[in-house]
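Morning, everyone. I'll take you through one structure, piece by piece. Have a look at it before I start.

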Amino acid sequence: MEIKEITQNKKAYLSLLLLADEQESMIDKYLTKGQMYVLFEKDIPVAECVVLAHDNELEIMNLATDPHFQKQGYAKKLVSFIEDKYRATYSTLIVGTGESPLTLPFYQKLGFEIFDRKKDFFTNNYDHPIFEDGHQLVDMIMLKTSLSN
């Protein structure tokens, strides 16, 4: 397993990015400004994470694992990598996600806590309804964890 920072041709990983954010125009809003990391297993890109800095906070903008490699801890390894890499630089790691039984428990198991809700985020910002695990996503749930030692 190897994690590499991707600084050029980030769109080469669009198929992974679209797993977490299914509208390319939304990805375009943060991809060039954000830092992108891809986890490779035997030279195969299996997961990716894009983070974006805001003052003293770092935000996970996109986190996805190829469906063939899900449930093997790759996303958790990427989040741990991000926490370790940026612990000395930022105090808080935040993430916004849909109100879904697939993603909320994942982040909560990693120590993230809900701190805000962006009403109607998905219905106001996407050109089509977004569904996850059979549920339409409407509000964005904001979670955070401390990066302090």
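One term before anything else: buried here means under 20% relative accessible area, exposed means over 50%, and partly exposed is what lies in between. Keep in mind that this is a predicted model.

Let's use that cut-off straight away. Is Ser100 buried or exposed? Its relative accessible area is 2%, so Ser100 counts as buried. You'll find Ser100 in the loop between β5 and α4. What does Ser100 touch, leaving out residues up to four places away in sequence? The answer is Pro105, Glu132 and Leu137. Take Glu132. Along the sequence, Ser100 and Glu132 are 32 residues apart. In space, C-alpha to C-alpha, they are 6.6 Å apart.

Now another serine. Ser15 lies in helix α1. At 57% relative accessible area, Ser15 is exposed. Ser15 and Gly34 are 19 residues apart along the chain, and 17 Å separates their C-alpha atoms.

Next, the whole chain. UniProt, in an unreviewed entry, lists residues 1–145 as "domain: N-acetyltransferase". Over residues 1–145, the chain is 27% helix and 39% strand. The end C-alpha atoms are 25 Å apart.

On to helix α2, residues 24–31. Which of its residues are buried? Met26, Ile27, Tyr30 and Leu31. Viewed down the axis of α2, these buried residues fall within an arc of 125 degrees, so they line one face of the helix. What covers them? The cover includes two helices, α1 (14–20) and α5 (121–125). It also includes the strands β2 (35–41), β3 (44–54) and β4 (57–65).

Asp28 is also in helix α2. Its relative accessible area is 38%, so Asp28 is partly exposed. Asp28 and Lys11 are 17 residues apart in sequence. Their C-alpha atoms are 9.3 Å apart in space.

Now the pockets. Rolling a probe the size of a water molecule over the atoms shows where empty space is left. How much space lies in the largest pocket? About 1400 Å³. The largest pocket has 46 lining residues. Nearest its centre lie Ala20, Leu63, Thr97, Thr103 and Tyr107. Several elements give two or more residues to this lining. On the helix side, they are α1, α2, α3 (74–86), α4 (104–109) and α5. On the strand side, they are β4, β5 (92–98) and β7 (130–132). Which element gives the most? That is β4, with 7 residues. By type, the lining of the largest pocket divides into 27 nonpolar, 9 polar and 10 charged residues.

Last topic: backbone angles. Most residues other than glycine have a negative phi. Here are two aspartates to check against that.

Asp120 has a positive phi, near 60 degrees. Asp120 sits in the loop between β6 (113–118) and α5. With 36% relative accessibility, Asp120 counts as partly exposed.

Asp133 also has a positive phi, near 55 degrees. Where is Asp133? In the loop between β7 and β8 (135–137). Its relative accessibility is 48%, so Asp133 counts as partly exposed.

To recap, α2 turns one buried face inward under its cover of helices and strands. The largest pocket takes its biggest share of lining from β4. And Ser100 is buried in its loop, in contact with Glu132. That's it from me.

Definitions and conventions. Residues are numbered from 1 along each chain as its sequence is written. This is a predicted model: local features need pLDDT of at least 70, side-chain atom pairs count only at pLDDT 80 or more; totals for chains, interfaces and linings use all residues. Side-chain values use heavy atoms; hydrogens and water are left out. Buried means under 20% relative accessible area, exposed over 50%, partly exposed in between (1.4 Å probe, protein chains only). Helices (H or I, at least four residues) and strands (E, at least two) are DSSP runs, numbered from the N terminus. The arc is that of the directions from the helix axis to the C-beta atoms. Contact means heavy atoms within 4.5 Å. On a 1 Å grid over the protein atoms alone, a cavity is a set of points where a 1.4 Å probe fits but cannot get out, and a pocket is an open set with protein on both sides within 12 Å along at least five of seven lines; lining residues have an atom within 4 Å of a point. Grid points are joined across faces, edges and corners, and a volume is the space filled by probe spheres set on the points. Ala, Val, Leu, Ile, Met, Phe, Trp, Tyr, Cys and Pro count as nonpolar, Asp, Glu, Lys and Arg as charged, and the others, Gly among them, as polar. UniProt positions are given in the numbering used here, feature names are shortened, and annotations may be inferred rather than shown by experiment.
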